[in-house]
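Work through these exercises with the model open beside you. Try each task before you read its solution.

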Amino acid sequence: MNALDGSPIPVASRQSVACTCALASAMLVGSCALAAGKAVPEVGGSDSQPDDTPAITLRLYDYVNLSQAVVSWSEATTTEIFKRAGVRVAWVECPVSTRQLRKSPACRGEMGTTDFAVRLLTQPMAANLVAINHPMGLAQECPDDERGCVANILYPRVGELASQVPGKVAFQGQGARTAKILGHAMAHEVGHLLLGPNSHSPVGLMRGTWSPDDLRVMNWGYRLFTPSQSEQIRSGLERRVKLDRLAKAQ
Ligand SMILES: [Zn+2]
């Protein structure tokens, strides 16, 4: 069954990938009724990518209720990171209230193997997660034929990291700084969905622990997937597309 077809998301029944920066073996309790959503225009110049660029769709569920500016900036950051890995990102912002569910075909439609959900969790929601170290997020294990895999972001931890960025706050303010870290966090967790378990690396975006220097670079620029990880992601997406077609043909 599609995990995000408008039904409560059975995250607690799914296996998860744990990582030190981030991920925990987690038990998220509670219903997560999905609701109306809107497709978001591509950002970061993604429309300059070739038509045959591998693509993913990310449905964003913002339980934190961030400002649209922070959401848009963080999406742009994630999009740019994947663009530099040769992957196009399409966003669909999905409201989280049950009442609006019926109004949003974009968020209720069946998900494929290249469609993923990114959920920004509040402190109470995060409290239901069994944390390891200082978890920033949680990505389920996502085999190539799995549909609608979920990456959770523990927003309070993102805020903590954003407050630890060295140097003065840029003229855009703390919100912009938070958005940059959040964008990297989302890319990192989606990276876990695409790269599989144990996908931390000593350099780049998939470092297991983010140092002050990492945070500084993320604030002013980007930490990226390594070339090897980028290739692994692109080839994995090709497999996912083929498996999706095979499943639909049956
Ligand atoms: Zn990680």
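A residue counts as buried if 20 or more other C-beta atoms lie within 10 Å of its own. It counts as exposed with 12 or fewer, and as partly exposed in between. Keep in mind that the model is predicted.

**Exercise 1. Are the two faces of β5 covered or open?**

Step 1. Find strand β5 at residues 115-121.
Step 2. Take one side: D115, A117, R119 and L121 are buried.
Step 3. Turn to the other side: F116, V118 and L120 are buried too.
Step 4. Conclude: both faces of β5 are covered. Seven of the seven residues are buried, so the strand is largely enclosed by the rest of the structure.

**Exercise 2. Which strands pair with β5?**

Step 1. Start with β3, which is joined to β5 by six bridges. The two strands run parallel.
Step 2. Locate a pair of residues: Y61 stands opposite R119 in β5.
Step 3. Now look at β7, residues 149-154. β5 and β7 also pair in the parallel sense, over six bridges.
Step 4. Check a pair here as well: F116 stands opposite C149 in β7.

**Exercise 3. Trace the chain from β3 to β4 and give the handedness of the crossover.**

Step 1. Begin at β3, residues 55-62. Seven bridges join β3 to β4, and these strands run parallel.
Step 2. Pick one bridge: I56 has V89 in β4 as its partner.
Step 3. Follow the path: the chain leaves β3, passes through α1 and arrives at β4. This β-α-β crossover is right-handed.
Step 4. Judge the burial of β4, residues 88-94. Five of its seven residues are buried, so β4 is largely enclosed by the rest of the structure.

**Exercise 4. Describe helix α1: how many residues has it, and how many of them are buried?**

Step 1. Helix α1 covers residues 68-84, which makes 17 residues.
Step 2. Compare its span: α1 reaches 24 Å from first C-alpha to last, close to the 24 Å expected at 1.5 Å a residue.
Step 3. Count the buried residues: 12 of 17, so α1 is mostly covered by the cut-off of 20 or more C-beta neighbours. Among them are W73, I81 and F82.
Step 4. Look just past the helix. There G86 takes a positive phi of about 80 degrees.

**Exercise 5. Do the same for helix α5: what are its span and its burial?**

Step 1. Helix α5 spans residues 174-195 and has 22 residues.
Step 2. α5 reaches 31 Å, close to the expected 32 Å.
Step 3. Of its 22 residues, 19 are buried, and α5 is mostly covered.
Step 4. G196 follows α5, with a positive phi near 90 degrees.

**Exercise 6. Which residues does D244 touch, leaving out those up to four places away in sequence?**

Step 1. Place D244: it is found in helix α7, residues 227-249.
Step 2. List its contacts: D244 touches G112, T113 and T114.
Step 3. Check the distance to G112. The two C-alpha atoms are separated by 6.5 Å, although the residues are 132 apart along the chain.
Step 4. Classify D244: it has 18 C-beta neighbours inside 10 Å, so it counts as partly exposed.

**Exercise 7. How many helices and strands has the chain?**

Step 1. Count them: seven helices and seven strands.
Step 2. Read the order from the N terminus: β-β-β-α-β-α-β-α-β-β-α-α-α-α.
Step 3. Add the overall burial: 46% of the 250 residues count as buried.

Conventions:
Residues are numbered from 1 along each chain as its sequence is written. This is a predicted model: local features need pLDDT of at least 70, side-chain atom pairs count only at pLDDT 80 or more; totals for chains, interfaces and linings use all residues. Helices (H or I, at least four residues) and strands (E, at least two) are DSSP runs, numbered from the N terminus. The expected span of a helix is 1.5 Å times one less than its number of residues. Two strands pair if DSSP finds at least two bridges between them. A crossover is right-handed if, with the strands pointing away from the viewer, the path from the first strand over the helix to the second runs clockwise. Two residues are in contact if their C-beta atoms, placed from the backbone, lie within 7 Å.
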